[in-house]
Amino acid sequence: MNVLSRTFLKHCYPRPPHGAACFHSSVVSLAPKVVATRRLLPQSQTRLEQLDRIDLVQWQGEDTMPRKQLLEDVKGAEALICMLSDKIDKEVLDAAGPQLKLVTTLSVGHDHIDLATARERGIKIGYTPDVLTDATADLATFLTLAAARNAIPGIKAVREGGWQDWRAAWLCGYQFTGKTLGVVGMGRIGQAVAHRLKAFGIDRTLYWGRTEKKGVDAQFVDFDQLLAESDYVVACCALTPDTKELFDATAFKKMKNTAIFTNIARGGVVKQADLAWALQTKEIAAAGLDVTTPEPLPLNDPLQSLDNCVIMPHIGSATFETRETMSAMMVDNVVASLDAQPIPFELKK
């Protein structure tokens, strides 16, 4: 069974029965079509379903909406709610047709959307700015701590029988007191990360980015100085042509051998083979990653076998509080667009 009525779906929340992959509103009218490539968080999902004036088509699977299904379902849509894992390129926009008014993504990142084509056609782009800061900064702090304190080999020792006699140097890592933090990209998330790590004893913070920030309790330096002097380097920058593969072998060679590298930005800011080399050869001590290239990271990727690399599956914003807020922003954008009003969370740059 691939199609469910709106009424049936309301009685099987939070998820339709096994085998029900796609929900299609039973409303037969000239109502504007809205396509969602995934379910939202509970409150926002209920609100979306209760918009009786729309023809809602929504993918119900746990996995990414299949490309073929997206290209079929998006036909005639006036609004598209998508995820970071959906590639919204010219082919999708062509399939949707000229009536498409809005593409709104459950993310701050937007490199999965063909912005140039969308803007040529007057399609508004919605996103979720300024709500991921705390959740993402929390995860950055966790990754930095986990990498610095040998979380992977420690957990393995407990679970696999390696926890035996006490040894003075066993699983020793690095603490934060009196150390230097280097933040690449001192936006809201970068500042929140610096604030959190300062509580652990960091007494000097350096940062590098496009411009110097006013009112920031940190020192603006060039990239090479940041790499050379930082004990902890955290990437919080956007992925742009200037930052693509910014962290390569040359960069890692400039870092301390005891340095911890954390990436919560995008996988593309790192030349991943070079990071694997740096970790294998102890050019740097350890790394904590919430983003990789590609995603999901293949099990045979060299990083997967390294005990000094802590990897999470891109869950920076994955708290109930943040994802519910993000979902609500998506619905707000859809409602405003269909009412021919300015969308409240629009990507304008």
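This tour proceeds by selection through a predicted model, from its strands and cores to its loops and a final helix.

**The seven-stranded sheet**

Select strands E8 to E14 to begin. Seven strands form an open sheet with parallel pairing, in the order E10-E9-E8-E11-E12-E13-E14. Strand E10 (219-220) and E14 are the edge strands, each pairing on one side only. Next, restrict the view to strand E12 (residues 260-263) and E13, which pair in the parallel sense over four bridges. Within this pair, Ile 260 stands opposite Ala 286 in E13. Now add H11: this helix packs on the sheet and touches E12, E13 and E14. The direction of H11 makes about 140 degrees with that of E13.

**The largest nonpolar core**

Select Phe 247, Phe 252, Phe 261, Leu 275 and Leu 303. Of the 30 residues in the largest nonpolar core, these five touch the most other members. Two or more residues of this core are supplied by each of helix H9 (223-229), E11, H10, helix H11 (272-280) and E13. H11 provides the largest share, four residues.

Centre the view on Phe 252. Which residues is Phe 252 in contact with, leaving aside its neighbours within four places in sequence? The contacts are Phe 247, Phe 261, Val 270, Asp 274, Leu 275, Ala 278, Glu 283 and Ile 284. A second, separate core has 26 residues, including Ala 148, Val 183, Val 216 and Ile 264; select these four to locate it.

**Helix H8 and the loop before it**

Select helix H8 (residues 188-198). Its buried residues are Gly 190, Ala 192, Val 193, Ala 194, Arg 196 and Leu 197. Displaying the surroundings shows that these buried residues pack against helix H6 (133-148), E8, strand E9 (204-208) and E11.

Then select Gly 187, in the loop between E8 and H8. Gly 187 has a relative accessible area of 29% and is therefore partly exposed. Add Lys 213: although Gly 187 and Lys 213 are 26 residues apart along the chain, their C-alpha atoms are separated by 8.6 Å.

**Strand E3 and Arg 39**

Move to E3, where both faces are covered. Lys 33 and Val 35 lie on one side and Val 34 and Ala 36 on the other, and all four are buried. In a regular strand, side chains alternate between the two faces of the sheet. Add strand E4 (residues 55-59), which pairs with E3 in the parallel sense over four bridges. The bridge partner of Ala 36 in E4 is Gln 58.

Continue to Arg 39, in the loop between strand E3 (33-36) and helix H2 (42-49). Is Arg 39 buried or exposed? Arg 39 counts as buried because its relative accessibility is 10%, under the 20% limit. Show the side chains of Arg 39 and Gln 60 together: they make a polar contact at 2.8 Å.

**Two cis peptide bonds**

Select residues 293 to 296, in the loop between strand E13 (286-289) and strand E14 (309-311) that contains Pro 294. Thr 293 and Pro 294 are joined by a cis peptide bond, with omega about -5 degrees. Pro 296 also lies in the loop between E13 and E14, and the peptide bond from Glu 295 to Pro 296 is cis as well, with omega near -5 degrees.

**Positive phi values in loops**

Select Leu 171, found in the loop between helix H7 (151-160) and strand E8 (180-184). Its phi is near 55 degrees, a positive value in a residue other than glycine. Leu 171 is partly exposed, with a relative accessible area of 29%.

Proceed to Glu 245, in the loop between strand E11 (232-235) and helix H10 (249-254). Glu 245 has a positive phi of about 50 degrees although it is not a glycine. At 37% relative accessibility, Glu 245 counts as partly exposed.

**Final stop: helix H12**

Finally, select helix H12 (residues 320-338), which has 19 residues. From its first C-alpha to its last, H12 reaches 27 Å, close to the 27 Å expected at 1.5 Å a residue. End the tour at Ala 340, which follows H12 and has a positive phi near 60 degrees.

Terms used. Residues numbered from 1 in each chain as written. Predicted model: local features only at pLDDT ≥ 70, side-chain atom pairs only at ≥ 80, totals over all residues. Heavy atoms only, no water. Expected span 1.5 Å × (residues − 1). Buried < 20%, exposed > 50% of the residue type's maximum accessible area, 1.4 Å probe, protein only. Polar contact = N/O pair within 3.5 Å; in protein donor to acceptor, adjacent residues only side chain to side chain. Core = buried A, V, L, I, M, F, W, Y, C linked by side-chain atoms within 4.5 Å. Contact = heavy atoms within 4.5 Å. Pairing = 2+ DSSP bridges. Axes fitted to C-alpha atoms, helices over the stretch in contact; angles between N-to-C directions.
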